[in-house]
Amino acid sequence: QTSLTVEMAYMNDRRFTAALARAVQRGIDVKLVTADQADVLANINRATCDTLMRLTGAPENLTIVLLPRMVHSKVVVIDHRFSDVGSANFTSLSHGVYDEINLFADSEPFALAIEAEIASHCAGARIADQRLTYRKMYSGLERAIIAYQSRKGG
């Protein structure tokens, strides 16, 4: 209803990107934290962030934080109260092939502690204040690899 804080290692699932875009368009404060250059899927992550900015027009209620180091977290905090923490990325592999598991908690103190930890990760990060560049050919190749792995069971 009011806010989403997401710290995510890997992203490419269009369903999650579309859901985040809809939240931004409804006026929800969305903060997305990820690596500026992920160890794998770097171009697809940047493409996903760029798509989110393009779909929404990058309004004030969307903040994309790019960390100068690797992110391995998979965390979503909803309305400073609900938390989803685990091993599932925002990828089709995590939500259809791999045996990922997450914990969903309804605890405001827990959610606030997670958001404080995420905020501490953002020291030294940069805010994406314009569309992101990425190598389109590489992001297409990364998408093709993920699609192939998804069909073959990983």
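The following conversation introduces the sheet, the cores and one helix of this structure.

User: What kind of model is this, and how are residues numbered?

Analyst: This is a predicted model, in which local features need pLDDT of at least 70 and side-chain atom pairs count only at pLDDT 80 or more, while totals for chains, interfaces and linings use all residues. Residues are numbered from 1 along each chain as its sequence is written, and side-chain values use heavy atoms, with hydrogens and water left out.

User: In what order do the strands of the sheet come?

Analyst: Seven strands form an open sheet in the order 6-5-4-1-2-3-7, with mixed pairing. Strands (E, at least two residues) and helices (H or I, at least four) are DSSP runs numbered from the N terminus, and two strands pair if DSSP finds at least two bridges between them.

User: Which are the edge strands?

Analyst: They are strand 6 (102–106) and strand 7, each of which pairs on one side only.

User: Is the pairing of strand 3 with strand 7 parallel or antiparallel?

Analyst: Strand 3 pairs with strand 7 (residues 126–127) in the antiparallel sense, over two bridges; Val65 has Ile127 as its bridge partner there. With strand 2, by contrast, strand 3 pairs in the parallel sense over six bridges, and Leu32 is partnered by Ile64.

User: And how many bridges join strand 1 to strand 2?

Analyst: Five bridges join these parallel strands, and the partner of Leu4 in strand 2 is Val30.

User: Changing topic, which residues have the most contacts inside the largest nonpolar core?

Analyst: They are Leu4, Val30, Leu32, Leu52, Leu62 and Ile64, in a core of 20 residues. A nonpolar core is a set of buried Ala, Val, Leu, Ile, Met, Phe, Trp, Tyr and Cys residues joined through side-chain atoms within 4.5 Å. Buried means under 20% relative accessible area, exposed over 50%, and partly exposed in between (1.4 Å probe, protein chains only).

User: Which element gives the most to this core?

Analyst: Helix 1 does, with four residues.

User: What about helix 3: which of its residues are buried?

Analyst: Ala111, Ile114, Glu115 and Ile118 are the buried residues of helix 3. They lie on the same side of helix 3 because they cover an arc of only 100° around the axis, the arc being that of the directions from the helix axis to the C-beta atoms.

User: Which strands do they pack against?

Analyst: The buried residues of helix 3 pack against strand 1, strand 2, strand 4 and strand 5, where contact means heavy atoms within 4.5 Å.
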